[in-house]
Amino acid sequence: SCAVGDPLLGELRKTKLHHTWIVIIGMIVIAAIWLVGSWWLGTPWRLAFLMAPLIVGLEWPNIKWIDDNALMQVIPLLIILLLYG
């Protein structure tokens, strides 16, 4: 999600697309990544529908003291640990 989703959302922000379309495209791409991971690695498929809006939402805030790439990896990991750990 971070390797594909972050650059995709960054490039889509530079276009003249409406904010809603950027969010929808980002969520579809990230959900597809998680669904492929479910098929390939056996992770629960329900995580695709939880992680897609979460990861797109984590991309938007501009916090000076933490990078969005770190948030896109740490927060989903914490949620998976809470749900399945």
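**Exercise 1. The surroundings of Glu59**

Leaving aside its neighbours within four places in sequence, which residues is Glu59 in contact with? Determine also whether Glu59 is buried or exposed.

*Solution.* The model examined here is predicted.

Step 1. Place the residue: Glu59 belongs to helix α3, which covers residues 46–59.

Step 2. List the contacts. Once neighbours within four places in sequence are set aside, Glu59 is in contact with Asp6, Leu9, Arg13, Asp68 and Met72.

Step 3. Assess burial. The relative accessible area of Glu59 is 5%; buried means under 20%, so Glu59 is buried.

Step 4. Compare sequence and space. Cys2 lies 57 residues from Glu59 along the chain, and the C-alpha atoms of the two are separated by 9.5 Å.

**Exercise 2. A second residue of α3, Leu58**

Find the residues that Leu58 touches, not counting those up to four places away in sequence, and classify its accessibility.

*Solution.*

Step 1. Leu58 is likewise a residue of helix α3.

Step 2. With residues up to four places away not counted, Leu58 touches Asp68, Leu71, Met72, Ile75 and Pro76.

Step 3. For one of these partners, Leu71, the separation is 13 residues in sequence and 6.5 Å in space, C-alpha to C-alpha.

Step 4. Leu58 has a relative accessible area of 14%. Since the limit for buried is under 20%, Leu58 is buried.

**Exercise 3. The packing of α3 with α4**

Describe how α3 and α4 cross, and state which classes of residue form their contact.

*Solution.*

Step 1. Recall the two quantities required: packed helices are described by the angle between their axes and the distance between the axes.

Step 2. Apply them. The axes of α3 and α4 come within 9 Å and cross at roughly 150°. The crossing is right-handed.

Step 3. Identify the contact. On the α3 side it is made by Arg46, Leu47, Leu50, Met51, Leu54, Ile55, Leu58 and Glu59; α4 contributes Asp68, Leu71, Met72, Ile75, Pro76, Ile79, Ile80, Leu83 and Tyr84.

Step 4. Sort by class. The residues of this contact divide into 14 nonpolar, no polar and three charged.

Step 5. Examine one contributor, Arg46 of helix α3. Its relative accessible area is 51%; exposed means over 50%, so Arg46 is exposed. The C-alpha atoms of Arg46 and Leu35, eleven residues apart along the chain, are separated by 8.6 Å.

**Exercise 4. The orientation of α2 relative to α3**

Decide how α2 is oriented with respect to α3, and characterise the contact between them.

*Solution.*

Step 1. The axes of α2 (residues 19–41) and α3 come within 8 Å, crossing at roughly 140°.

Step 2. Roughly antiparallel requires an angle over 145 degrees, and roughly perpendicular one of 65 to 115; α2 is therefore oblique to α3.

Step 3. The two helices cross in a right-handed sense. From α2, Val23, Gly26, Met27, Ile30, Ala31, Trp34 and Leu35 take part, and from α3, Leu47, Ala48, Met51, Ala52, Pro53, Ile55 and Val56.

Step 4. By class, the contact residues are 13 nonpolar, one polar and no charged.

**Exercise 5. The orientation of α1 relative to α2**

Repeat the analysis for α1 and α2: how are they oriented to each other, and which residues meet?

*Solution.*

Step 1. The axes of α1 and α2 come within 10 Å and cross at roughly 165°.

Step 2. As angles over 145 degrees count as roughly antiparallel, α1 and α2 are roughly antiparallel to each other. The crossing is right-handed.

Step 3. Val4, Gly5, Leu8, Leu9, Leu12 and Arg13 in α1 meet Ile22, Ile25, Gly26, Val29, Ile30 and Ile33 in α2.

Step 4. The contact of α1 with α2 has nine nonpolar, two polar and one charged residues.

**Exercise 6. The span and burial of α2**

Check the span of α2 against its number of residues, and state which residues of this helix are buried.

*Solution.*

Step 1. The expected span is 1.5 Å times one less than the number of residues. For the 23 residues of α2 this gives 33 Å; the end C-alpha atoms are 32 Å apart, which agrees.

Step 2. The buried residues in α2 are Ile22, Gly26, Ile30, Ala31, Trp34, Gly37 and Ser38. Their cover includes α1 (2–14), α3 and α4 (68–84).

Step 3. Just after α2, Gly42 takes a positive phi of about 85°.

Terms used:
Residues numbered from 1 in each chain as written. Predicted model: local features only at pLDDT ≥ 70, side-chain atom pairs only at ≥ 80, totals over all residues. Heavy atoms only, no water. Helix = DSSP H or I, 4+ residues; strand = E, 2+ residues; numbered from the N terminus. Buried < 20%, exposed > 50% of the residue type's maximum accessible area, 1.4 Å probe, protein only. Contact = heavy atoms within 4.5 Å. Axes fitted to C-alpha atoms, helices over the stretch in contact; angles between N-to-C directions. Parallel < 35°, antiparallel > 145°, perpendicular 65-115°, else oblique. Left-handed = near helix turned anticlockwise from the far one by under 90°. Nonpolar A, V, L, I, M, F, W, Y, C, P; charged D, E, K, R; others polar.
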